[in-house]
Amino acid sequence: MKHLPKLSLYIHIPWCIKKCFYCDFNNYLYKSNIQEQKYIDHLLLDLEQNLHFSYGRNIATIFIGGGTPSLLSINALEKLLFGISKHLLLLSNLEITIEVNPGTVTEEHLISYKNIGITRISLGVQTFNTKQLIKLGRIHQPTEATNTALLVSNIGFNSLNLDLMYGLPNQTINQSLNDLRNAIALVPQHISWYQLVIEPKTIFGYNPPQLPNEEILWDIYNQGHELLITSGYQQYEISNYAKPGYQCLHNINYWRFGDYLGIGCGAHSKLTQVDGTVLRIVKKKHPLVYMDGKYVEKYYQVSQIDLPFEYFMNRFRLLETIPRQEFTKLTSLNESTIRFALDQALSYGYIYESDTTWTITEHGKLFLNSLLELFI
Ligand code: SF4
């Protein structure tokens with residue numbers, strides 16, 4: 001029987017108090033009548049219908065994302081985690097992350113999160129600059145982010161992540177570095193540091209703000225990267241930094257082309273079958289349609305032609321060497337199918353190749369899109 005990759009569980013909570021101006025995630029306005037208990041029942045039914053994919057496989061990580069999962073009541077979260085534990089084989093040192101929006105949780109909430117088994121808090125800070133928070137359409141103030149981070153540390157979760165963005169409207173290098181300095185002062189184990197990208201069909205997409213030019217962005221990235229490294233964080237993915245031993249295992253599983261089961265509105269799954277084919281499932285996006293019991297929007301098998309691109313698109317984001325034998329193990333394709341693309345990548349200096357590994361070069365990181373295009 002084929003060796004199946006690691007399996008994670010993703011749960012999508014689709015509501016937010018307000019739409020941030022840059023956000024294109026699948027979320028809907030939170031109202032008092034959202035029927036969270038009904039949604040939890042449907043999440044568990046959705047899981048039940050997918051249980052055959054998890055047969056005999058352990059779950060090492062759970063990620064509760066959104067939307068704003070911290071809008072859920074403790075009762076609802078407890079019922080959800082209890083229901084999951086009845087259905088799935090959970091590893092004892094399970095990583096359970098919940099995304100938290102500052103301004104939506106109290107100390108009581110956070111203590112309850114710890115008591116029901118949540119191990120990791122991912123806090124959406126974005127910036128510590130009040131004016132920038134308003135420009136981004138965020139609902140919170142810098143002090144709420146700081147206070148929540150301090151509470152998380154005092155309560156003693158295994159890990160705290162702070163989500164930050166740079167390249168904000170008219171942001172200077174110093175403003176961006178100040179955000180990083182404020183974050184580092186809170187001593188989180190993990191920092192996700194993303195460049196703001198204007199997506200179509202967002203408020204910024206319709207009315208684009210003035211963003212820093214390429215030169216400023218380059219300086220922000222270089223100086224910010226240096227600051228993180230000298231502060232004891234290791235870059236393990238293009239936008240993710242962690243103290244040693246505190247990488248996000250859930251996201252690493254995505255980037256190592258592991259399997260994941262997604263439940264909830266718009267959630268995606270990637271599941272390797274025993275015959276080696278890779279199946280993708282997308283769930284219905286809108287909560288009202290989803291809560292009608294029609295969970296699946298589409299199922300499809302990833303074609304053999306698309307597998308190399310999908311594999312490397314994830315794999316090269318992680319800044320680690322790739323065991324060459326893993327490609328065949330996870331795609332069921334022979335290395336000869338990508339030999340031409342690999343030789344081109346080598347000739348352009350995008351990767352190094354040893355007898356047993358591939359590693360992306362500094363040049364390859366700068367031209368990641370061109371590198372990946374070779375595998376299309
Ligand atoms: S809180 Fe997060 S998910 Fe909700 S609108 Fe803002 S960025 Fe998007």
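These legends accompany a set of close-up views of a predicted model.

**Figure 1. The whole chain, before we zoom in.**
Let's start with the overall picture: the chain holds 15 helices and 17 strands. Its C-alpha atoms fill a box of roughly 55 × 50 × 40 Å along the principal axes. The radius of gyration is 21 Å, which agrees with the value near 21 Å that a compact globule of 376 residues would have. Buried residues account for 52% of the 376 residues. Of the contacts with a separation of 6 or more, 68% link residues 24 or more positions apart. The accessible surface comes to about 17400 Å², and carbon and sulfur atoms contribute 53% of that area.

**Figure 2. The largest nonpolar core and a second, separate one.**
The largest nonpolar core has 66 residues, and the members that touch the most others are Leu 9, Ile 11, Ile 84, Tyr 113 and Ile 121. Helix α2 (residues 74-87) supplies the largest share of this core, with 6 residues. A second core stands separate from it, with 24 residues that include Val 278, Tyr 311, Tyr 350 and Phe 375.

**Figure 3. A closer look at Tyr 113.**
Which residues does Tyr 113 contact, leaving aside its neighbours within four places in sequence? The partners are Ser 70, Ile 74, Leu 77, Ile 98, Val 100, Val 105, Ile 118, Ile 121 and Phe 157. One of these partners, Ile 121, is also among the core members that touch the most others.

**Figure 4. The shell around the ligand.**
From the earlier part of the chain, the residues around the ligand include Cys 16, Lys 18, Lys 19, Cys 20, Tyr 22, Cys 23, Phe 25 and Asn 27. Gly 67, Thr 68, Asn 101 and Arg 138 also belong to this shell. How many residues of each class surround the ligand? The shell has 5 nonpolar, 4 polar and 3 charged residues.

**Figure 5. A cis peptide bond at Gly 67.**
Gly 67, one of the residues around the ligand, deserves its own view. A cis peptide bond joins Gly 66 to Gly 67, with omega at about 20°. Gly 67 sits in the loop between β4 (58-66) and α2.

**Figure 6. Helix α11 and its packing partners.**
Is helix α11 (residues 307-315) mostly covered or mostly open? Mostly covered: 7 of its 9 residues are buried. The buried positions are Leu 307, Pro 308, Glu 310, Tyr 311, Phe 312, Asn 314 and Arg 315. Tyr 311 also appears in the second nonpolar core. The helices that the buried residues of α11 pack against are α9 (249-255), α12 (324-331) and α15 (368-373). They also pack against the strands β13 (278-283), β15 (322-323) and β17 (357-360).

**Figure 7. Thr 321, in the loop after α11.**
Thr 321 lies in the loop between α11 and β15. At 41% relative accessible area, Thr 321 is partly exposed. Beyond its neighbours within four places in sequence, Thr 321 is in contact with Arg 315, Thr 357, Trp 358 and Thr 359. The C-alpha atoms of Thr 321 and Ser 354 are 10.0 Å apart, and 33 residues separate the two along the chain.

**Figure 8. Two positive phi angles, at Asn 170 and Val 187.**
If you check backbone torsions, these two non-glycine residues may catch your eye. Asn 170 has a positive phi, near 55°, and lies in the loop between β7 (159-166) and α6 (173-185). With a relative accessible area of 49%, Asn 170 is partly exposed. Val 187 also has a positive phi, near 50°, and belongs to the loop between α6 and β8 (190-195). Val 187 is exposed, because its relative accessible area of 52% is over 50%.

**Figure 9. Loop positions on either side of α8: Pro 208 and Ser 231.**
Pro 208 is found in the loop between α7 (203-206) and α8 (214-230). With 54% relative accessibility, Pro 208 counts as exposed. The C-alpha atoms of Pro 208 and Phe 21 are separated by 9.8 Å, although the two are 187 residues apart along the chain. Ser 231 is placed in the loop between α8 and β9 (234-237). Ser 231 is partly exposed, at 25% relative accessible area. Outside its neighbours within four places in sequence, Ser 231 is in contact with Ile 184 and Lys 243. From C-alpha to C-alpha, Ser 231 and Pro 200 are 35 Å apart in space, with their positions 31 residues apart in sequence.

Note on methods. Residues numbered from 1 in each chain as written. Predicted model: local features only at pLDDT ≥ 70, side-chain atom pairs only at ≥ 80, totals over all residues. Heavy atoms only, no water. Helix = DSSP H or I, 4+ residues; strand = E, 2+ residues; numbered from the N terminus. Buried < 20%, exposed > 50% of the residue type's maximum accessible area, 1.4 Å probe, protein only. Core = buried A, V, L, I, M, F, W, Y, C linked by side-chain atoms within 4.5 Å. Contact = heavy atoms within 4.5 Å. Near = heavy atom within 4 Å. Nonpolar A, V, L, I, M, F, W, Y, C, P; charged D, E, K, R; others polar. Rg over C-alpha atoms; globule rule 2.2 N^0.38 Å. Areas by Shrake-Rupley, 256 points an atom, 1.4 Å probe, with all protein chains shown as cover.
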